[in-house]
Structure formats: structure tokens, C-alpha cells
Amino acid sequence: MISGVSSAALPHLRPASTSASNATSGLQPAVPDATDAATSGFRIDVSQVKPLSGAKPISVADNPVLRDLMATNWLMTHDTSATQAAVSDDAPENTYARVKVDGKVVATLYNGGSSTMTNAAAAKIGNLQDPPGLSGPDLAQWRADTYAELLGGTVEKAPTAITQSQWTPRQSSSATYSRDQLDAAFQAMLAEGQRVMAQQQAPYLATRARSGTSADFST
């Protein structure tokens, strides 16, 4: 399979499936289970409603799963190394080579091994299997040569092409944090929330102070 083929900047290799729309084309309008007349007699006796006894709000700090989830999200949001703009594999600056037929670009290969192509080129190439063990520029070179042979075109190496030794596989964006990191992040998140709340309350408190009244937000 041409697993690295994407649709960026070129037509889609295959059209989107329409099976979902076909499956729903036979849906019929929903029919109410009961008429208004049948339900109009249903009433709730408010006098019989009793308040819950002993109910108390649950703090996020008392829910370990939710606490760690919020702390993880905070860490990922504030991690400068993770939020740096990453260059996609099929960015122009990652171009390895282009395959041309009659002077027109029909396929573009990238340093990571992925490729894009026109629908017409994809139809001619068909179900092409990549050799096992190839990746990065080596895979890009093999694909470029194979595409050119099958399409009757030529390979034009890009000035941004790199060698296999220069290529660094893209690292996974997932991260695992220690117990200390999660605890520190949760405390930092609470402190940040308190600062934001104080900033939002400041104009109101200033107005109340000028009018000679006061308010206690400690509760």
C-alpha cells in the first residue's frame, strides 16, 4: 500500500466514502411515543418532593482521576517544547524530490518518506507495496524512482533533500508525567486560577471601594 500518500496541495488520492450518507438516506421522521393528550394529565406533587439530606459538593482535589487529568492538560498546555510550531512532514521545506511527466509535477516526495500525487498518477500506480525496512529519505528515493518508472516520467531532486544519516524520525507527542510533576502542576493551576479571579474582581472591588461599600469574596 502507499501508506504515506496524503492529499496536501494535490487532489485527493481517493474520494471520500459516501456510504454513511447512503445508509442514512432511508431514515424516516421520528414519531412521538405519546400524544400530548396522553401526557397532559401527568403532574408532579411539589409537596412530596424532599431535599437530599447529607449531599455535599465534591472537590476536584478529592477526585484523583480528574485531578491528574486536569494537571496533565495543564502541563501539556504550558510545555514550551510541546507547543513549539512543528513543521509537518509534507511542508515545502521537507521536499525530497518531484516526479514530472511531460514537464508537469504528478508526485511529490518528502524527506520523511511520505508522498502526494494526482489522482491520475495514483490510478496508474495502483496498489504499490513499499519494501520492508525502508524509511525516511531512502523510502522517498525508492518511491520517486518507482513512480517515475511506472508513470514514464523523470525524477527531479529538490534542493531541500537530505540524506538518510541527516534524517531524524519524528518523535511521538505523547508524554508521561511523574507524581511530583502532576502534583506541582495542579497547585500551579490553582494558583493561576486564583490570580485570574483576582484580576477579574479588581475592577468591581475598586468600584465598591469608591462607593463606600465593601464585599467579602473569601467565601
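Here are a few notes on this predicted model, going from the overall fold to one helix and one pocket.

1. Overall layout. The protein has seven helices and five strands. Going along the sequence, they come in the order β-α-α-α-α-β-β-β-α-α-β-α.

2. Burial and contacts. Of the 219 residues in the protein, 21% are buried. If you take the contacts between residues at least 6 apart in sequence, 65% of them join residues at least 24 apart.

3. Length of α7. This helix runs over residues 179–210, which is 32 residues, and at 1.5 Å a residue it should span 46 Å. The C-alpha atoms at its ends sit 47 Å apart, so the expected span and the model agree.

4. The bend in α7. Have a look at Ala202, where α7 bends by about 35°. A proline follows within four residues, namely Pro203.

5. What α7 packs against. Its buried residues are Leu182, Ala185, Phe186, Met189 and Gln201, and they pack against α3 (64–78). On the spacing of such positions, a general point helps: an α-helix has 3.6 residues a turn, so residues three or four places apart point the same way.

6. The second largest pocket. If you're thinking about this site, its space comes to about 210 Å³. The lining counts 13 residues, and those nearest the pocket's centre are Asp89, Gly112, Trp167, Thr168 and Arg170. By character, the lining splits into seven polar, four nonpolar and two charged residues.

Methods
Residues are numbered from 1 along each chain as its sequence is written. This is a predicted model: local features need pLDDT of at least 70, side-chain atom pairs count only at pLDDT 80 or more; totals for chains, interfaces and linings use all residues. Side-chain values use heavy atoms; hydrogens and water are left out. Helices (H or I, at least four residues) and strands (E, at least two) are DSSP runs, numbered from the N terminus. The expected span of a helix is 1.5 Å times one less than its number of residues. The bend at a residue is the angle between axes fitted to the seven residues ending there and the seven starting there. Buried means under 20% relative accessible area, exposed over 50%, partly exposed in between (1.4 Å probe, protein chains only). Contact means heavy atoms within 4.5 Å. On a 1 Å grid over the protein atoms alone, a cavity is a set of points where a 1.4 Å probe fits but cannot get out, and a pocket is an open set with protein on both sides within 12 Å along at least five of seven lines; lining residues have an atom within 4 Å of a point. Grid points are joined across faces, edges and corners, and a volume is the space filled by probe spheres set on the points. Ala, Val, Leu, Ile, Met, Phe, Trp, Tyr, Cys and Pro count as nonpolar, Asp, Glu, Lys and Arg as charged, and the others, Gly among them, as polar.
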